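Morning, everyone. Please have the sequence and the 3D view open while I talk.

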Amino acid sequence: MNGYGKAFALMRDAAQGPWRDYTRHAFVEGLKDGTLPRAAFLHYLRQDYVFLIHFSRAWALAVVKSETHAEMLAASRTVNGLISEEMQLHIGICEAAGISQDELFATPERPENLAYTRYVLEAGYSGDLLDLLAALAPCVMGYGEIGTRLAAEATSDTYRDWINAYSSSEYQEACQAVGELLDSALTRRLGADFRTTPRWDRLCQTFRTATELEVNFWQMGLTP
Ligand SMILES: Cc1ncc(C[n+]2csc(CCO)c2C)c(N)n1
């Protein structure tokens with residue numbers, strides 16, 4: 001699977017093992033065949049709602065760290081997509097399951113959740129837009145790959161709404177836009193041969209760590 005840009009494909013290939021653990025996690029396979037217990041899914045969604053609050057803050061920080069209007073536009077569109085669409089999806093599914101928005105907002109944050117979001121925010125606070133985007137990319141593109149694969153391979157309709165959200169053309173376009181942002185931000189700051197610069201390996205390491213934190217997040221989802 002590809003189409004999310006050059007830098008993403010390189011970073012993913014450099015993090016092959018964790019990437020596979022993330023995109024083929026037992027939680028994901030349970031969404032695919034409908035065997036994921038409902039309690040685990042709702043627990044995950046509640047944690048993910050809190051996760052999205054902090055991820056919206058991290059994408060807002062990407063606006064702060066932008067150096068061009070095009071970068072600000074791409075980052076602010078993601079902030080808007082997150083708050084107006086992705087968080088709405090969670091509110092809707094949870095409401096239908098009898099979990100109110102107040103309850104959702106008051107969800108106590110699990111350590112696996114906290115570790116991931118604060119890692120990403122710290123990458124942005126202490127670094128530049130590249131450090132921040134390297135930490136943000138696994139979440140955006142990973143769900144893009146998972147959504148596309150599950151739309152083709154799902155054998156159950158139990159989690160169809162969730163799968164449809166991440167396989168939708170709107171979401172796939174958002175992944176492509178982030179891929180283009182990553183490529184152009186790298187080229188602007190490091191040059192077209194960004195792979196040969198001293199910073200590249202560190203950026204790949206940040207991408208890998210964020211991918212490992214995604215694996216931990218799925219694992220948390222399996223243990224309500
Ligand atoms: C643990 C976890 N990882 C990734 C996503 C997906 N996601 C989070 S922010 C974002 C970018 C805005 O569209 C996307 C797609 C999630 N929901 N939960």
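I will go through the core, then some helix pairs, then a few single residues. One caution before we start: this is a predicted model.

Let's begin with the core. The largest nonpolar core has 63 residues. Which of them touch the most other members? They are L132, L133, L136, A137 and L182. Helix α8, residues 129-153, supplies the largest share of this core, with 14 residues.

Take A137 from that group. Leave out its neighbours within four places in sequence. Then A137 is in contact with F8, M11, V178, L182 and F207.

M11 is on that list, so let's go there. M11 sits in helix α1, residues 6-14. Is M11 buried or exposed? M11 counts as buried, because it has 25 C-beta neighbours inside 10 Å. The cut-off for buried is 20 or more. Again leaving aside neighbours within four places in sequence, M11 contacts A134, A137, C204 and F207. Now look at P108. M11 and P108 are 97 residues apart in sequence. In space, their C-alpha atoms are 33 Å apart.

Next, helix pairs. Two packed helices are described by the angle between their axes and the distance between the axes. Keep both in mind.

The opening pair is α7 and α8. Helix α7 covers residues 111-126. The axes of α7 and α8 come within 7 Å. They cross at roughly 160°. That angle makes α7 roughly antiparallel to α8, because angles over 145 degrees count that way. The crossing of α7 past α8 is left-handed. Which residues meet here? From α7 we have Y119, V120, A123 and G124. From α8 we have D131, L132, A135 and L136. Sort the residues of this contact by class, and you get six nonpolar, one polar and one charged. L132 and L136 are names you have heard before: both are in the core group that touches the most other members.

Stay on α7, but turn to helix α11, residues 199-221. These two pack at an angle of about 160°. Their axes are 9 Å apart. So α7 and α11 are also roughly antiparallel to each other. Here too α7 passes in a left-handed crossing. On the α7 side, the contact is made by E112, N113, A115, Y116, Y119, V120 and A123. On the α11 side, it is T206, T209, A210, L213, N216, F217 and M220. By class, this contact has nine nonpolar, four polar and one charged residues.

One more pair: α5 and α10. Helix α5 spans residues 69-96. Helix α10 spans residues 169-190. Their axes come within 10 Å and cross at roughly 150°. Once more the crossing is left-handed. E71, A74, R77, T78 and G81 of α5 make the contact with A174, A177, V178, L181 and A185 of α10. Six of the residues in this contact are nonpolar, two are polar and two are charged.

While we are on α5, find H90. H90 is in that helix. H90 counts as buried, because it has 22 C-beta neighbours inside 10 Å. What does H90 touch, not counting residues up to four places away in sequence? It touches L45, D48, Y49 and L52. Look at Y49 in particular. H90 and Y49 are 41 residues apart in sequence. Their C-alpha atoms are 6.5 Å apart in space.

Now a short helix segment, α3, residues 26-33. Its buried residues are F27, G30, L31 and K32. What do they pack against? They pack against α8, α9 and α11. After α3 comes G34, with a positive phi near 80°.

Last stop: A151, back in helix α8. A151 is partly exposed, because it has 15 other C-beta atoms within 10 Å. Its contacts, leaving aside neighbours within four places in sequence, are I163 and S167. Compare R188. A151 and R188 are 37 residues apart along the chain. Their C-alpha atoms are separated by 35 Å.

To recap, α7 is roughly antiparallel to α8 and to α11. Helix α8 gives the largest share of the core. Thanks for listening.

Key
Residues are numbered from 1 along each chain as its sequence is written. This is a predicted model: local features need pLDDT of at least 70, side-chain atom pairs count only at pLDDT 80 or more; totals for chains, interfaces and linings use all residues. A nonpolar core is a set of buried Ala, Val, Leu, Ile, Met, Phe, Trp, Tyr and Cys residues joined through C-beta atoms within 7 Å. A residue is buried if 20 or more other C-beta atoms lie within 10 Å of its own, exposed if 12 or fewer, and partly exposed in between; C-beta atoms are placed from the backbone. Helices (H or I, at least four residues) and strands (E, at least two) are DSSP runs, numbered from the N terminus. Two residues are in contact if their C-beta atoms, placed from the backbone, lie within 7 Å. Axes are lines fitted to C-alpha atoms, for helices over the stretch in contact, and angles run from 0 to 180 degrees between N-to-C directions. Angles under 35 degrees count as roughly parallel, over 145 as roughly antiparallel, 65 to 115 as roughly perpendicular and the rest as oblique. A crossing is left-handed if the near helix is turned anticlockwise from the far one by less than a right angle, and right-handed if clockwise. Ala, Val, Leu, Ile, Met, Phe, Trp, Tyr, Cys and Pro count as nonpolar, Asp, Glu, Lys and Arg as charged, and the others, Gly among them, as polar.
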